[in-house]
Amino acid sequence: MSTHHHPTATDARSRSADPVVLIVDDDPGVRDLHAAFLDPDYRVVTADTGDRALDLFDATVDVVLLDRQLGRSTGREVLDRIRDRGFDCRVAMVSALPFDADVADAPIDDYLTKPVSREQLAGTVDRLLARDGRGRRRTGRSDPSAR
């Protein structure tokens, strides 16, 4: 685990039983907006590069929201490295690019095309967690597994 002073997924899990969502996007505005959409219902960890995401990633991460284009790497490369490590967390790719053949065979659970609304993003995270029986009872919302 990284010894940096940045919050990690492990730190987030130790402070709260809330599900951990790792947001990976090279655009700071998008990263901050998506984090704000999910806070305070989830413990949010953010990364601006694929390498940083892999440094932060561990078994406590429940859901990864992964941009498809990350500058020096692609979301698909990051995803493949996560899967190569044996992790089977839920992953939604969130991209300005439309869904196409390049990601059709990717081991992802959902694909969202930017821009996304708070309801789209939070609803996607809720559904992904519910698939594993970890449905989140979000403030002011019904149980996502009942949808």
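Strand β1, helix α2 (residues 28-38) and strand β2 form a right-handed β-α-β unit. Right-handed here means that, with the strands pointing away from the viewer, the path from the first strand over the helix to the second runs clockwise. Helices (H or I, at least four residues) and strands (E, at least two) are DSSP runs, numbered from the N terminus.

The model is predicted: local features need pLDDT of at least 70, side-chain atom pairs count only at pLDDT 80 or more, and totals for chains, interfaces and linings use all residues. Residues are numbered from 1 along each chain as its sequence is written, and side-chain values use heavy atoms, with hydrogens and water left out.

**Overall make-up**

The protein has six helices and seven strands. Read from the N terminus, their order is α-β-α-β-α-β-β-β-α-β-α-β-α. Of the 147 residues, 48% are buried, where buried means under 20% relative accessible area, exposed over 50%, and partly exposed in between (1.4 Å probe, protein chains only). The exposed surface of the protein comes to about 7,400 Å², with 48% of it supplied by carbon and sulfur atoms; these areas come from the Shrake-Rupley method with a 1.4 Å probe. Among contacts between residues at least 6 apart in sequence, 59% join residues at least 24 apart. A contact means heavy atoms within 4.5 Å.

**Strand β1 and its neighbours**

Strand β1 pairs with both β2 and β3. Two strands pair if DSSP finds at least two bridges between them. The table lists the two pairings.

| Pairing | Sense | Bridges | A residue of β1 and its partner |
|---|---|---|---|
| β1 (residues 20-24) with β2 (residues 43-47) | parallel | five bridges | Leu22 with Val45 |
| β1 with β3 | parallel | four bridges | Ile23 with Leu65 |

Val20 of β1 stands opposite Arg43 in β2. Five of the five residues of β1 are buried. Val20, Leu22 and Val24 lie on one side of the strand, Val21 and Ile23 on the other, and both faces are covered.

**Helix α6**

Helix α6 (residues 118-131) has 14 residues and reaches 20 Å from its first C-alpha to its last, close to the 20 Å expected at 1.5 Å a residue. The expected span is 1.5 Å times one less than the number of residues. Buried residues in α6 are Leu121, Ala122, Gly123, Thr124, Val125, Asp126, Leu128 and Leu129. An α-helix has 3.6 residues a turn, so residues three or four places apart point the same way. The cover over the buried residues of α6 includes β1, α2, β3, β6 (90-95) and β7 (110-113). After α6 comes Gly133, whose phi is positive, near 70°.

**Two buried polar residues**

Asp58 is found in the loop between α3 (50-56) and β3 (63-66). Asp58 counts as buried because its relative accessibility is 10%. The side chain of Asp58 makes a polar contact with the side chain of Thr60 (2.5 Å). A polar contact is a pair of N or O atoms within 3.5 Å; within protein, one must be able to donate a hydrogen and the other to accept it, and residues adjacent in sequence count only if both atoms are side-chain atoms. Asp58 and Arg85 are 27 residues apart in sequence, and their C-alpha atoms are 9.6 Å apart in space.

Ser73 belongs to strand β5 (residues 73-74). With a relative accessibility of 17%, Ser73 also counts as buried. Leaving aside residues up to four places away in sequence, Ser73 touches Gly50 and Val78.
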